[in-house]
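Reader: I would like to understand how one reads a structure of this kind. May we go through it step by step?

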Number of protein chains: 2
Amino acid sequence: MQITRQTEYAIRTMLELARAPRGEFLSTRYISEQQDIPEDFLKKTLKLLVLAGLISTQRGVHGGIRLARPAGKITLVDIIEAVECNVALNVCLAPGYNCPNQPGCPVSRNLARAQQAMLNELRKESLEDMLGDQ
Amino acid sequence: MQITRQTEYAIRTMLELARAPRGEFLSTRYISEQQDIPEDFLKKTLKLLVLAGLISTQRGVHGGIRLARPAGKITLVDIIEAVECNVALNVCLAPGYNCPNQPGCPVSRNLARAQQAMLNELRKESLEDMLGDQ
DNA sequence: CCATTGTGGACTAATATTGTCCTTTTTGTT
DNA sequence: AACAAAAAGGACAATATTAGTCCACAATGG
Ligand code: FES
Ligand code: FES
């Protein structure tokens, strides 16, 4: 029940990107130094953000990464879902349990509702909002 | 971002206890068999529930465990908090980060709000409610 | 042609979770 | 008193997940 360190790296990275002038590329190395994130590990993380369509990359000498869309249209949910592929509070996925995940099961129903509530909250502020109100 | 298997064991155990006649003790062995949970692991888990004041125990020949208060007054939050000691979506606990957890930080503020929303949802139904509406 | 920067994959290390075993204490029963 | 049932407690082992590292390769601009 905890965001992983990798997710935190991703959040910090996205905030760094959101702070940069719109459209400018930042290099992985630069970000890793600024945010004190192991460079090679950060690279793997960025891959996930690329796949999720949150950042775009440019190889070569003046390359780097930048947001794929405006900071106003990215929220923490986007980042968290990108990194922790299946956000599932719910346990009842492993097969062979006494209580198989039937639509009606009250436990899984409650967990699902709680998860929704959480995600909805996280959708309320964009990266842009967050930078604004510090 | 996931409830652990141990937490699920605890939830299933609490439901089993809630189903039993009020005040009756069930043995760890019985529960472990009913719910297909490794007995010795279950014992460790029960310790946490005892510490949290959710169940009470009785040693000796007709002993076992039972709910420490009515099933109507126990929710999933109680169980989750008992087992996963510090429910903290929030990452910014580890020391020495760029973004120390200042009251104002927008990320930690958002995560905290989301966590609250989640916990609030989980508080809405008691074990009794859950057994009722299957 | 070369330095810079991202891509990809294999591998290792660290940590957390899950599971097991064994010994002790309490309690009711015989 | 002796015994069996059950919880308490703690050490240890097995797995799984997370985090971090390394190295060869591909694109890009100068
Ligand atoms: S579906 Fe798993 S506890 Fe009900
Ligand atoms: S306090 Fe950690 S991201 Fe802000």
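Author: The following questions and answers treat a predicted model, beginning with one chain and ending with the DNA strands.

Reader: In what order do the helices and strands of chain A run from the N terminus on?

Author: Chain A contains 6 helices and 2 strands. Read from the N terminus on, the elements of chain A run α-α-α-β-β-α-α-α.

Reader: What percentage of the residues in chain A is buried?

Author: The question concerns the 134 residues of chain A. A residue is called buried if its relative accessible area is under 20%. The buried share of chain A is 49%.

Reader: Which residues of helix 4 of chain A are buried?

Author: Helix 4 of chain A spans residues 76–83 and is mostly covered, with 6 of its 8 residues buried. Its cover includes helix 1, helix 3, helix 5 and helix 6 of chain A, together with helix 5 of chain B. The buried residues of helix 4 of chain A are A:Leu76, A:Val77, A:Ile79, A:Ile80, A:Ala82 and A:Val83.

Reader: Is A:Glu8 buried or exposed?

Author: A:Glu8 is found in helix 1 of chain A. Its side chain joins that of A:Arg12 in a polar contact of 2.5 Å. Because its relative accessibility is 4% and the cut-off is under 20%, A:Glu8 counts as buried.

Reader: What is the area buried between chain B and chain A?

Author: The contact takes 39 residues from chain B and 39 residues from chain A. Carbon and sulfur atoms give 59% of the area buried between the two chains. That buried area is about 3,800 Å².

Reader: How many salt bridges are there between chain B and chain A?

Author: One salt bridge is formed by the side chains of A:Arg113 and B:Glu121, at 2.7 Å from N to O. Residue pairs in polar contact between chain B and chain A, both at pLDDT 80 or more, number 8. The count of salt bridges between chain B and chain A is 6.

Reader: Which element gives the most residues to the side of chain B that touches chain A?

Author: The elements of chain B that give two or more residues to this side are helix 1, helix 2, helix 4 and helix 5. By class, the side of chain B that touches chain A has 20 nonpolar, 8 polar and 11 charged residues. With 11 residues, the element that gives the most is helix 5 of chain B.

Reader: Which residues come nearest to DNA strand D?

Author: There are 24 residues around DNA strand D. Sugar and phosphate account for 73% of the atoms of this strand that come within 4 Å of the protein. The residues that come nearest to DNA strand D are A:Arg5, A:Lys44, A:Arg59, B:Lys47 and B:Arg59.

Reader: How far is a backbone N or O atom of B:Thr28 from a phosphate oxygen of DNA strand D?

Author: Side chains also approach the phosphates of DNA strand D. An N or O atom in the side chain of A:Tyr9 is 3.0 Å from a phosphate oxygen of this strand, and one in the side chain of B:Lys47 is 3.1 Å from a phosphate oxygen. For the backbone N or O atom of B:Thr28, the distance to a phosphate oxygen is 2.9 Å.

Reader: Which elements each supply at least two residues of the surface near DNA strand C?

Author: The residues of the surface near DNA strand C divide into 6 nonpolar, 11 polar and 7 charged. Among the residues that come nearest to DNA strand C are A:Lys47 and B:Arg5. The elements that each supply at least two residues of this surface are helix 3 and strand 1 of chain A, together with helix 1 and helix 3 of chain B.

Reader: Which residue has a side-chain N or O atom 2.7 Å from a base oxygen of DNA strand C?

Author: Some contacts with DNA strand C involve its phosphates. A polar backbone atom of B:Arg5 is 2.8 Å from a phosphate oxygen, and a polar side-chain atom of B:Tyr9 lies 3.0 Å from a phosphate oxygen. The residue whose side-chain N or O atom is 2.7 Å from a base oxygen of DNA strand C is B:Lys44.

Conventions. Residues are numbered from 1 along each chain as its sequence is written. Chains are lettered from A and ligands numbered from 1 in the order in which they are written. This is a predicted model: local features need pLDDT of at least 70, side-chain atom pairs count only at pLDDT 80 or more; totals for chains, interfaces and linings use all residues. Side-chain values use heavy atoms; hydrogens and water are left out. A residue is near a molecule or strand if one of its heavy atoms lies within 4 Å of it. A polar contact is a pair of N or O atoms within 3.5 Å; within protein, one must be able to donate a hydrogen and the other to accept it, and residues adjacent in sequence count only if both atoms are side-chain atoms. Contact means heavy atoms within 4.5 Å. Buried area is the accessible area (1.4 Å probe) that two parts lose on being put together, summed over both. A salt bridge is a side-chain nitrogen of Lys or Arg within 4 Å of a carboxyl oxygen of Asp or Glu. Helices (H or I, at least four residues) and strands (E, at least two) are DSSP runs, numbered from the N terminus. Ala, Val, Leu, Ile, Met, Phe, Trp, Tyr, Cys and Pro count as nonpolar, Asp, Glu, Lys and Arg as charged, and the others, Gly among them, as polar. Buried means under 20% relative accessible area, exposed over 50%, partly exposed in between (1.4 Å probe, protein chains only).
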